[in-house]
Structures are given as structure tokens and as C-alpha cells.
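Here is a short set of exercises to work through with the model open beside you. Try each task on your own before you read its solution.

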Amino acid sequence: MSNYVRPTWDEYFMEVAQIIAKRATCDRGRSGCVIAKNNRILVTGYVGSPAGLDHCDDVGHLLKATVHEDGTRTMHCVRTVHAEQNAICQAAKLGISVDGGTLYCKMTPCRTCAMLIINCGIVRVVCEYKYHVASESEEMFNKAGVKLEYIHDEILEYDKQ
């Protein structure tokens with residue numbers, strides 16, 4: 001008899017998202033995304049520039065500052081498309097409905113990703129970590145009835161945050 005313990009579905013899909021992230025082309029987040037439904041992978045995505053455009057890993061970041069209502073300032077790389085956006089675009093290109101699905105990602109989706117997730121009918125989001133400016137997305141998911149879960153309760157830290 002074996003002592004091996006199979007991963008849960010959430011653990012399995014999160015590990016797949018971590019492998020997908022290895023294709024990412026921006027080292028600030030290097031994240032991947034999996035959208036699954038009925039315990040089957042529908043699509044994946046990773047952080048990267050739009051097709052045919054320069055990648056951060058090749059030419060550097062395109063950083064923009066955002067000033068928040070409380071006066072705090074954060075830096076964001078705008079050269080890339082987020083992993084969640086790329087997964088949703090992949091579903092659209094392939095004609096795959098993600099309605100009723102679960103999205104697995106590295107950190108709390110940004111505001112734009114949250115809006116796309118809500119509008120394409122995803123009902124559950126599982127994040128490995130919290131994002132440092134996540135409260136707006138968390139509130140949107142709550143109001144829209146999208147279940148949001150975290151594997152780790154810590155905020156993910158990275159350079160030039």
C-alpha cells in the first residue's frame with residue numbers, strides 16, 4: 001500500500017498554472033493562469049506582450065506610476081497582457097465558453113482582469129497570493145457573486161512595487 005496522497009483539484013490546477021508561468025516574459029510577475037470547468041482544463045495563459053511586440057525580458061519594462069485615492073503610488077508594467085486576460089483571449093479565439101468555470105492564478109486579479117472575469121461568467125477565482133492593491137477587485141467579485149479564495153493569505157512582494 002502506498003502513502004502517496006493525490007493533490008486536490010485546486011492543488012493540481014494551481015501547479016499547472018505555476019508551470020504555465022514559466023513561459024511568461026515579464027519578470028515582475030511571471031504569472032500563469034488556468035481556467036477549468038468540471039475538473040478539466042479549458043485554456044491557459046501567461047503574462048506576455050501582445051503577439052509580435054517586444055517582451056520585457058528582451059527590451060525591459062514599460063513602467064507607469066499609478067496614484068491611488070489614498071495618495072499611495074504604485075508602479076505597473078504596461079508592456080504585457082496579464083495571464084488572466086491571455087487565457088480569456090485564448091478561449092475567445094478557440095470558441096471555448098468559460099461560463100461557470102474556475103480561474104486559477106498567481107495573485108488577486110487586477111481591476112481590469114476582475115471585470116473581464118465577471119463578464120465572461122467565471123464563478124470562482126483561486127489565487128496563490130494576494131496582490132498589494134487587491135481591495136477593489138475583491139469588492140467587485142463579492143458584489144458580482146464570484147467566489148474568491150486564497151491558497152496563502154500573504155501579499156506577494158516583488159521589485160518596484
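The exercises below go from the sheet to the cores, and then on to single residues.

This is a predicted model in which local features need pLDDT of at least 70 and side-chain atom pairs count only at pLDDT 80 or more, while totals for chains, interfaces and linings use all residues. Residues are numbered from 1 along each chain as its sequence is written, and side-chain values use heavy atoms, with hydrogens and water left out.

**Exercise 1. The open sheet**

Work out the strand order of the five-stranded open sheet and find which strands stand at its edges.

Step 1. Take helices (H or I, at least four residues) and strands (E, at least two) as DSSP runs, numbered from the N terminus. Two strands pair if DSSP finds at least two bridges between them.

Step 2. The order is E2-E1-E5-E6-E7, and the pairing is mixed.

Step 3. Strand E2 (40-46) and strand E7 (147-150) each have a single partner strand, so one side of each is left without a neighbour in the sheet.

Step 4. On average, neighbouring strands are turned by 20° against each other, direction ignored. For angles, axes are lines fitted to C-alpha atoms, for helices over the stretch in contact, and angles run from 0 to 180 degrees between N-to-C directions.

Step 5. Now look at one pair: E1 and E2 are antiparallel and share six bridges, with Ile35 opposite Val43 in E2.

**Exercise 2. Helices across the sheet**

Find the strands that H1 and H3 lie across.

Step 1. Use contact in the sense of heavy atoms within 4.5 Å.

Step 2. Helix H1 (residues 9-20) lies across E1, E2, E5, E6 and E7, and runs at about 145° to E1.

Step 3. H3 lies across E1, E2 and E5, and its angle to E2 is about 125°.

**Exercise 3. Two nonpolar cores**

Identify the residues that touch the most other members of the largest nonpolar core, and the helix that gives the most to this core.

Step 1. A nonpolar core is a set of buried Ala, Val, Leu, Ile, Met, Phe, Trp, Tyr and Cys residues joined through side-chain atoms within 4.5 Å. Buried means under 20% relative accessible area, exposed over 50%, and partly exposed in between (1.4 Å probe, protein chains only).

Step 2. The largest core has 23 residues, and those touching the most other members are Ile35, Leu103, Ile117, Ile122 and Val125.

Step 3. Elements giving two or more residues include strand E1 (32-37), helix H3 (83-94) and strand E5 (102-107). H3 gives the most, with four residues.

Step 4. Follow Ile117: leaving out residues up to four places away in sequence, it touches Glu84, Ile88, Leu103, Pro109, Ile122, Val125 and Phe141.

Step 5. A second, separate core has nine residues, among them Val16, Ala17, Ile20 and Ala36.

**Exercise 4. Cysteines without a bond**

Decide how many disulfides the structure holds.

Step 1. A disulfide is a covalent bond between the sulfur atoms of two cysteines. The cut-off here is a pair of cysteine sulfur atoms within 2.5 Å.

Step 2. For Cys77, the nearest cysteine sulfur is that of Cys56, 3.4 Å away. For Cys113, the nearest is that of Cys110, 3.7 Å away.

Step 3. The total is zero disulfides. Cys77 is buried at 11% relative accessibility, and Cys113 is buried at 1%.

**Exercise 5. Ser137 and its surroundings**

Is Ser137 buried or exposed, and which residues is it in contact with?

Step 1. Ser137 belongs to helix H5 and is buried, with a relative accessible area of 1%.

Step 2. Beyond its neighbours within four places in sequence, Ser137 contacts Thr108, Pro109, Cys110, Arg111 and Ala114.

Step 3. A polar atom of the Ser137 side chain lies 3.3 Å from the backbone nitrogen of Arg111.

**Exercise 6. Positive phi and a hairpin**

Find the phi values of Asn38 and Asn39, then examine the hairpin of E3 and E4.

Step 1. Asn38, in the loop between E1 and E2, has a positive phi near 55° and is exposed at 64% relative accessibility.

Step 2. Asn39, found in the loop between E1 and E2, has a positive phi of about 60° and is partly exposed at 34%.

Step 3. Five bridges join the antiparallel strands E3 (residues 63-67) and E4 (residues 73-77). Ala65 has Met75 as its bridge partner, and Lys64 stands opposite His76.

Step 4. Five residues separate E3 from E4 in this hairpin, and Gly71 in the turn has a positive phi of about 90°.

Note on methods:
A polar contact is a pair of N or O atoms within 3.5 Å; within protein, one must be able to donate a hydrogen and the other to accept it, and residues adjacent in sequence count only if both atoms are side-chain atoms.
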